[in-house]
Structures are given as C-alpha cells and as structure tokens.
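Please look over the sequence and the predicted model shown here. The report that follows takes up strand pairing, burial and internal cavities in turn.

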Amino acid sequence: MTTVAPVYLDNAATTRLDPEVLDAMLPLMTEQFGNPSSIHNHGRQVRTAIEKARKSVASLLNTSPAEIFFTSGGTEADNTAIRSSLETFGITHAITSPVEHHAVLHTLEHLQKQGQVRLSLVNVDDRGHIDLEHLEKLLRSFPRSFVSLMHGNNEIGNLLDLDQVGRLCRQYDAIFHSDTVQTMGHFRHDLQTLPVDFIVGAGHKFHGPKGVGFLYVNAERAKIHPFIYGGAQERNMRGGTENVYGIVGLAKALEIAYRDMDAHRQHITALKQRMIEQLIEKMPDVRFNGDSANVDGSLYTVLNVSLPASDMSDMLLFNLDIAKISASGGSACSSGSAIGSHVLAALPGLDSERGYVRFSFGKYNTAAEIDYTVDTLVGLYQKEARLV
Ligand SMILES: Cc1ncc(COP(=O)(O)O)c(C=O)c1O
C-alpha cells in the first residue's frame, strides 16, 4: 500500500486556502491597512478593494452589487436572512426540513421557543429528499410563510431543485431562503433567473478564508431591516469594520472557483466514482446514505458511506484518524467530532448499528489518496473480522 497520508477528506467542513487567494489577501494585511470608512487616501484604497470584491461576486452570480452583503460566514448569513425577514415582514409561520444545517434549524427552533414563529417541518423520504407534495400542502395551509430549504446537503449530498421550489413558494406568496453554503463555488447560480429571495455563501467552503461569507438579498422582493446595528458599513445593514482581507479573499476564491469549475468538477467526480466503485468491490455490504452515490445528481463533493455493523462502528473515525485520514461522521461545523448526526437520524429506517463516515472531496485530492483510504477501511474491517 502506498502511503500518501496525511489525507484530508473533509472538504465539506472546510477547504485549504488556495495560494492565489492568499496572494490577493496579503496586500490588505500589510500595506493597505486603512479603515474603509475613512475618507482619506488610506481608507479609500481599501474601500475600493471591498467594492471591487462585491462587484466581482455579484457579476459571477449574475446580479447587482447592491444585493450582496458581506458577513462573518454562512451562519451569520443564514441567521440574517431568517431573523431579519421574520421581523421585517411580520411573518408568523416558517417551513424548513429536519435535514437542514444547524445554522438554520437552531435559529428557527429558538425563534419558535420564543413564540416569534410557528415552525413546520416538511417530510423527507428515506433518502432524505424533500417531499414536495407535503411542502405544497403546508404552503397552501399557511400562505405567506418563510421557507428555508438548503440547496446541497452537507452530510448526505442531496440536491434540491431550487427553481421548482422557488416557483412553488412564489405561487403561495412565501419568502424563500436557501442555504447554498455547500453549492456556492461548486455549482453556478444565476440570480437573474433563480426564483429565490435569499442565498448565502461561505468563503472557506471553496478554498477562500474562514470567517467571511455573504448574503444575497433579492432587492425587488425583500427589503430587510439591519441585523447588526452600529456604523453605516454594508450600506447600513451590518455595522462593524469590515473583514477586508477576508472579503477580498472570498471574491478571489469565487473567481477561481468559477474559472476552474468544469475541470474541478470532472476531477472530483472521478474521485468520488473511484471510491464508490472500489468500496462496492472490496467491502461487503457497503451502502451509501442519501443521494450521495448518485454521482451525476448529487453534490459531487460528498459521499456518505454506510458500513456493516461491527464493534468498531463507533471507533471508525478514530481509527481513520490514527491512519492519518481526516473524515467526518456528520457535520463537523460545530463540534469537530463524531457526534450523532441529526441528518442521518431524520432518515426513516436508518440502521443505527452500522458505521457511518462522510468523505468529502476537493480539488487538491488525488486518486492515490482515495486508494489509500479504501484500503485502510478494508484493512480495518478485515482486522476486526480476525479478532471476533
Ligand atoms: C450547509 C451549511 N450551512 C451553513 C454552514 C455554516 O457556515 P460557517 O461555518 O461559514 O458559518 C455550513 C458549514 O459549515 C454548512 O455546511
């Protein structure tokens, strides 16, 4: 077995910074240090860099710079969309699903607990797909709802048809927010045609820096109140001195992601296909959760593997870590550990005795890393079988 470790297969949690992005950020960390709100030369120079970044993000998404607001990441962007729209529009009913990221679920659950909104969860099938008939039923019963349904699921890789859901929401006068954190930079979003009110992005999911993201607000349909009160930054929507190098890095990372998207998609899809084929060949009774093994119809960066029940199921990630393979047992966003996944728990009929690993791929992964990972997994199970 060729040793290629350490192997990083947790790209849905975060990605490695692209050196081109670092180059774009460095001047803002060194000589261009002015406060963008200052009107002198040092400030103006940095203000120009922020507005150039905003223009670039807007142009990649085919929308206007006035509709892009920089935030501290995906979580803040999701919180802003949810909390500000409920407050601004006086919406009293929200619809989401049990497989959303905690950035959405915990926010809506908290607002429900406070009595600010009544929350309905749309059903999912045993592969984690949204039941669109149930969604329509809920929309019919509660017109003018706030709907939050993610585009690409970070754990099981399912994709939602944003166009179809967006049109349904408009039919029932609902506001539609989609958490697009996992698809931003990996799929193209055309905001001239997409019927959404809010989508979001986080720089660190597409080889940009951590701690910076953005919120798209559809200006024609949704004019929300500010989320963070303070200075006039972000056109009075989010007070606080901007994360200038983060913003410039995010825009550069998105430019690179769009420039190289087709090649990267092809490379990453081939890696995922390779892992699926090898696992099927070498690991008896392997299964795949959600839609993640549907190579052309899912998030190509995510593969959620279900391994035969064994005494080792709980120790899988630990054993992979010993072999210097970083993967995840669910969303690593908040815990970094293999705690039980609320997404897997929401799938009807899931066998809790089996072992679950989410592998997520990126542009820097190689075929040799996939081979090493599969061989390591197979070796772990063979060792376990000998011990029993
Ligand atoms: C689907 C999804 N939404 C939201 C987030 C939160 O993003 P951030 O860590 O930038 O706040 C994450 C990530 O970790 C995610 O995967």
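## Strand β8 and its partners

Ala 202 has Gly 213 as its bridge partner in β8, and this pair belongs to the ladder in which strand β7 (residues 198–202) and β8 run antiparallel, joined by five bridges. Along that ladder, Val 200 stands opposite Leu 215 of β8. Strand β2 (residues 68–71) also runs antiparallel to β8, with four bridges between them, and here Ile 68 stands opposite Tyr 216.

How many of the five residues of strand β8 (residues 213–217) are buried? Five of the five are, so in this predicted model the strand is largely enclosed by the rest of the structure. Burial applies to both directions in which its residues point, with Gly 213, Leu 215 and Val 217 directed one way and Phe 214 and Tyr 216 the other way.

## The seven-stranded sheet

Strands β2, β8 and β7 belong to an open sheet of seven strands with mixed pairing, in the order β2-β8-β7-β6-β5-β3-β4. At its edges stand β2 and β4 (118–121), each with a single partner strand, so one side of each is left without a neighbour in the sheet. From one strand to the next, the twist averages 20 degrees.

Helix α2 (residues 41–60) packs on this sheet, where it touches β2 and β8, and its direction makes about 120 degrees with that of β2. Helix α3 lies across β2, β5 (146–148), β6 (175–178), β7 and β8, and it runs at about 160 degrees to β7.

## Strand β10 and its partners

Strand β10 (residues 302–307) has six of its six residues buried, so it too is largely enclosed by the rest of the structure. Both of its faces are covered, with Val 302, Asn 304 and Ser 306 buried on one side and Leu 303, Val 305 and Leu 307 buried on the other.

Two strands pair with β10. Strand β9 (residues 287–288) runs antiparallel to β10 and is joined to it by two bridges, with Ser 306 of β10 as the bridge partner of Arg 287. Strand β12 (residues 355–360) likewise runs antiparallel to β10, in this case through six bridges, and Gly 355 of β12 stands opposite Leu 307.

## Cavities

The structure holds three cavities of 30 Å³ or more, and the largest of them contains about 150 Å³ of space. Which residues lie nearest the centre of the largest cavity? Among its 20 lining residues, these are Gly 185, His 186, His 207, His 264 and Lys 363. Helices α8 (244–259) and α9 (261–282) each supply at least two residues of this lining, which divides into eight nonpolar, eight polar and four charged residues.

The second largest cavity contains about 90 Å³ of space. Its lining draws at least two residues from each of β2, α3 (74–89) and β8, and β2 gives the most, with three residues. Among the residues that line this cavity are Phe 69, Phe 70, Thr 71, Glu 76 and Thr 80, together with Leu 215 and Val 217; the last two, Leu 215 and Val 217, point the same way from β8 as Gly 213. Further lining residues include Ile 224, Phe 227, Ile 228, Met 237 and Arg 238. By class, the lining of the second largest cavity divides into eight nonpolar, two polar and two charged residues.

How values were computed. Residues numbered from 1 in each chain as written. Predicted model: local features only at pLDDT ≥ 70, side-chain atom pairs only at ≥ 80, totals over all residues. Heavy atoms only, no water. Buried < 20%, exposed > 50% of the residue type's maximum accessible area, 1.4 Å probe, protein only. Pairing = 2+ DSSP bridges. 1 Å grid on protein atoms, 1.4 Å probe; cavity = no way out; pocket = protein on both sides within 12 Å on 5 of 7 lines; lining within 4 Å. Points joined across faces, edges and corners; volume = space filled by probe spheres on them. Nonpolar A, V, L, I, M, F, W, Y, C, P; charged D, E, K, R; others polar. Axes fitted to C-alpha atoms, helices over the stretch in contact; angles between N-to-C directions. Contact = heavy atoms within 4.5 Å.
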